[in-house]
Every structure is written in structure tokens, then in C-alpha cells.
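Let's take a look around the empty spaces in this protein and at a couple of places where its helices meet. Have the structure open as you read.

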Amino acid sequence: MNHLLILPVLLPGLMAGLIVAFARNRLHLQRVAAALVVLALLFMAGLLLVRAAAGPEAYFLGNWPAPFGIVLMLDRLSALMLALVAVLSGFVLIYVIGTGWDQRGKHFHALFLFQLMGLNGAFLTGDAFNLFVFFELLLIASYGLMIHGGGADRLRAGVQYVAFNLLGSTLFLFGLGLIYAVTGTLNMADLAERIAALPAGDAGLLRVAAVMILLVFAIKGALVPLQFWLPGTYANAPGPVAALFAVMTKVGAYAVIRFSTLVFPPDSAAIGSLVTDLLTPAALATLALGAVGVLGTHSLPRQVAFAAIGSMGLLFLAVAAGTPAATAAALYYLLHSTLATAALFLIADLLAARRGGAAAHSGLIAALFMAGAVAMAGMPPLSGFVGKLLVMDALRSQAVLAWSAILLASLATMIGFARMGSALFWSPQEADPALPIPQDRGGIAAVLLCLAALAALTVFAGPVMAWLTVAAENLHAPTAYIAASALRGGT
Amino acid sequence: MEALIAAAIGLMTAGGIYLMLRRRTFPVIIGLSLLSYAVNLFLFVAGRLAPGLPPIISKTAAGYTDPLPQALVLTAIVISFGMTAVLVLMALGAYLTGGDARIDLDDGGAE
């Protein structure tokens, strides 16, 4: 048992507590602490990526044997998500410190670290109820971050966001209760074995539970018709927080991938093709709604939020296909869309801070926006194009519907962003030279790093895909994962 | 006993959903609380009803009741309590700064 597995959960939590206790009014100390944690998370994510390549690994909390205690499970997918969180949080932290967003409230860094703790925990846990607990942890931190800086609109959007997510949590508990009543366990590996051997009489109850759990993940992943919370929340949240939230929708996608391959696999008699049947139409509708939203909005943050919804549609379309090739493509697109959404939210925030001033029309910001829009719309040369191509290649069997939906949505996204760009940067506005140029070099550096990461994802698409293909194959054949959790002492 | 508890869960869920659909924050919060009571009871009976039995294997008792749902309910109660407190605070903040208790957003509110 290797204690490295629990550190990404413990370290941010401990540091957040220390910050609240001892550095409440010392911003510089908070910044140093948060930066140290993010650096440590990056380092640990690198180590875990290497470890995960050797095969799945379990960490038994309190050394209780599975399934009686809670286990953390490391496999390629969770290591990948940890690395994504570490990289993204690094960019967000640079932006927040560079633009001074963290001065607008006392507890930004503590909440930020609690959020990282929840995210890392949700990606590592191998227990369904523990997943619920970590969901709540990352949500409660996100409530605080969402209303950071205050304002009437932001608070009202925050209330809606919290109410929606509380409803989701209740649904999650109903689903977990049903699953426990049917199978008598909540350990995911154990669930996989019990559901495979489920008596036919219990199949109906289990399917109800599966649909409830999928609904919860669909709320998190903003799938139509459960996407209502996203535009208001993301457009009203502070820019860097919206950028961090780009990974929150991916928690839903991660959970669907994990559950649809391990707990509710299509080859079990009780579930069958349930996940594909439900997700495919919802994903197509999400793709369409995202595209229409991108065309129909007049403010950049809302437009980016709708583009994020559209990208979730594409992602879930690939996840719903349920083949290893499609899952690998989905994972690649997941990495891309998280970084691209984050970059665009940061750019929107840079622009909002400069609105009205002479610096608003600076060519650099326009170039950044252009690069971000190219990535988001999935045009060459950035990784969106590669990701979209991979997804389309994996969906060859349903080419007519899926391909036309994806291509039309891309066209709409492209037109929407082109129109927004020309309205923002080419319209002859009276610039007020008296307004000061904001000191946001750190912010611009963060956006540049984000775009550089997208470029790196494009350049190294080959090795990344090779790694992801193995990850997807392991997901769809989870014998090693189940064996690693050593159920009832067996190995 | 089963019918009574099932009816209680059903009633609370129905009431909770009805209140969730209202336009003001206060009924929505009450509705969410009702829903969380319903789910707590539901989780509790997920381990089957076994009245009067200890939650541990004992030689003197005739059987035992499943202790795990009780632990789950405890966790769920703590979490929903904390979440409701956060929601009440935020709703109060929104009411005091915004001047009304509507829960819906204007579409132009994102400017």
C-alpha cells in the first residue's frame, strides 16, 4: 500500500485548514501556501501517472479490507484526471494572483484548496458513497467560490446553482439507497461483481437506480434537459472561478465513464444498452442546444458557457458509444475542452476588466481570443480539431446522424465566435483614454500558458492517444481494476 | 409498518418537489429540506426494517439490523444540514442585496 495515493486529497485539505486558522489576513502567505500545494499536486500527479501505467492500485483507508472499508483506486483514468486538475489549477492560480482577484474576498485560497481536495477525492475514490461525499465537498467549496466578490446578480445565480445541486445530491442519495438495497454493497468493484450476478427479479429496481445515478451525473455534466444551471452560473461566476469550473462538468463525464464501464457495463443482463440508449439522444440535443446558444447570445461569458455545453454534448456522444476507441477519443476531447473552456473564460474576464478603456482594443487580447475561439470551435491547427476528428472516427458506425450533428454544431460555434469577435474588436467604439490600463500581465501569462498547453496537446497527440487507448481498454475490461481492490482479502 | 414508511417517504417527496417548483427562495428551501428528510428515511430503510434488533451481531439477540444504512444516514444528515445552512445564508444575501426573493434569473442578468 502506497501512501502517495491519499496525499492529493489530504494535502490541499490540510493546507486549507491551516490557511483559515493562521493566515486569515495574510494574503502573501496564502498565495505562497496555495502555490506550494499546486506545485506539489503537479509533482504528485506526474508520479501517479507513471505508477498508473503499471496497472491499477488500491489504497485501503484505515487498512480495512475491501469492501468493508473505503478504498481509493488509482488507475490510468483517475491519474489523468488528477493531472488535468493540477495543471488547470496552476493556470487559474497564476491568473488569480496576477490580476488580484484573490483580494476581493478573504477566503479565496482556502476555498480554492478545498475545491481541489474535493475534485481529487472524487477522481480517486473507489466507493460510490464516498464519491457522493467528495461531490458534496467540491460543491460546497464551489458555492463559496461562485459568490466570491459578491454582487446581487452573482448571489442570485448562486442560490439557483446551490438549489439545483442540492436537488441533484438528493437524487444521488435515492439512487445510492436503491443500489444498496438491491446489492448490499457500495464498493464499485464489488458492485461490478454483484451486478453481473444479479438475480433477474432485481433487475428492474437496479435499472431505476442506474437511471437516477445517470441523471445526477447528467446534472453535473450539464446534459440537456438538465443544463439550466450552467449558463447563469458560469456567466455570473468570477472569471477565474468559471475557468476552474470547466473541470466540474468533466466530473460528471468522468463519473459516467467510470460507472458505465465498471458498475453498469453493457454486457450485464440487468443493464444492457440502457446507458447508450439514454445518453445518445441527450448528447445530440446538448450539442444542438450549445450551438444555438452560441449563436444567440450577446455577452462573451454566456457564449463561452453555451460553447462549454456544446462541448459536453460532443463528449457525451463519444462516451455513449461505449467502445474503447470512442472512450479514448472522449478522454482526449475531455482534456482539450477543459483547457479551451478555461482559456476562453479567462480571456472574457481580461476583456471585462478592460471594458471601455483604450486598452480594450489591444491586438494581443484580440489574438488570444482568436486562438481560444479556434480551439473551442475545433478548427485546425489546435487540439479541438484533433479531438473532434478522433471522436468522429470512433463514431463511424453512426456517421449520418452523429457526423452531421457534430459538423453543423462546429459551423454554428465558428459563426457565433466570429460574430462575437468582430463585435468586440472591430466595432468603432469610443475608447475612453482616461481609464487606467489594468495591470494584468500575470493574467495574460496564464492565458498564454493555457493556450500553450492546448498546443502541446496537439503536438503530442500521438503519444497522448497511445496512453489514452490503453486507459480506455483497461476501462472496458476492468478485471485488473477489480482484482486490485482485493475484495474480501482475495488478490 | 412498510406501508406507513413508504407512504411517509412518498408524501414528503411529493411535497418537496411541489415546493421546489415555486418561484421564491423560501418555499424552495423548505422543499429541499422535505426532500432531504424523505431521502434520509429512504436510506434508513434501504437496509430493511428490523424493529427492536441491535445493529451488531449478538448471541443474546434473535438477529441484527444492518448498521451501514444508519452510518450513511448520519453522513447524509450532516451534509444536507450544512448545505441547507449555506443555501439559507446565500438566499438571505441575495434577498438583502437584490431586494426580492425570486429564484429565477433575468436572461440579461449576465451582462
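## A cavity with two chains in its lining

In this predicted model, the second largest cavity holds about 110 Å³ of space. It has 14 lining residues, and those nearest its centre are A:Leu166, A:Ser169, A:Thr170, B:Ser36 and B:Ser80. So which elements can you trace around it? At least two lining residues each come from α5 (128–146) and α6 of chain A, and from α2 (25–45) and α3 (67–98) of chain B.

As for the kinds of residue here, the lining of the second largest cavity has seven nonpolar, six polar and one charged.

## The largest cavity

How many cavities of 30 Å³ or more does the structure hold? There are six of them. The largest cavity has about 130 Å³ of space inside, and 16 residues line it. If you want to find its centre, look for A:Leu287, A:Gly310, A:Ser311, A:Lys388 and A:Thr413, the closest of those residues.

Three helices of chain A, namely α11 (274–296), α12 and α16, each put at least two residues into the lining of the largest cavity. Helix α12(A) gives the most, with five residues. Sorted by class, the lining of the largest cavity comes to 10 nonpolar, five polar and one charged.

## The largest pocket

Now for the largest pocket, with a volume of about 720 Å³. Its lining takes in 40 residues, and the ones closest to its centre are A:Pro301, A:Ala348, A:Asp349, A:Ala352 and A:Arg355.

Plenty of chain A helices turn up around the largest pocket: α3 (76–99), α6 (152–183), α9, α10 (239–263), α12, α13 (324–354) and α16 (399–425) each give two or more residues to the lining. Which one has the largest share? That's α13(A), with seven residues. Across the whole lining of the largest pocket, you'll find 20 nonpolar, 12 polar and eight charged residues.

## Where α9 meets α12

Two of the helices that line the largest pocket, α9 and α12 of chain A, also touch each other. The axes of α9(A) (residues 229–236) and α12(A) (residues 300–321) come within 8 Å and cross at roughly 135°. That angle is why α9(A) counts as oblique to α12(A). The crossing itself is right-handed.

On the α9(A) side, the residues in contact are A:Leu230, A:Pro231, A:Gly232, A:Tyr234 and A:Ala235. Facing them from α12(A) are A:Pro301, A:Arg302, A:Ala305, A:Phe306 and A:Ile309. This contact has eight nonpolar residues, one polar and one charged. You may recognise A:Pro301 from the list of residues closest to the centre of the largest pocket.

## Where α7 meets α10

One more helix pair in chain A is worth a look. Helix α7(A) (residues 188–196) and α10(A) have axes that come within 9 Å, with a crossing angle of roughly 40°. Are these helices parallel or oblique to each other? They're oblique, because roughly parallel would take an angle under 35 degrees.

From α7(A), the contact uses A:Met188, A:Ala189, A:Leu191, A:Ala192 and A:Ile195. Their partners in α10(A) are A:Arg258, A:Phe259, A:Leu262 and A:Val263. The class count for the contact of α7(A) with α10(A) is eight nonpolar, no polar and one charged.

How values were computed. Residues numbered from 1 in each chain as written. Chains lettered and ligands numbered in written order. Predicted model: local features only at pLDDT ≥ 70, side-chain atom pairs only at ≥ 80, totals over all residues. Heavy atoms only, no water. Axes fitted to C-alpha atoms, helices over the stretch in contact; angles between N-to-C directions. Helix = DSSP H or I, 4+ residues; strand = E, 2+ residues; numbered from the N terminus. Parallel < 35°, antiparallel > 145°, perpendicular 65-115°, else oblique. Left-handed = near helix turned anticlockwise from the far one by under 90°. Contact = heavy atoms within 4.5 Å. Nonpolar A, V, L, I, M, F, W, Y, C, P; charged D, E, K, R; others polar. 1 Å grid on protein atoms, 1.4 Å probe; cavity = no way out; pocket = protein on both sides within 12 Å on 5 of 7 lines; lining within 4 Å. Points joined across faces, edges and corners; volume = space filled by probe spheres on them.
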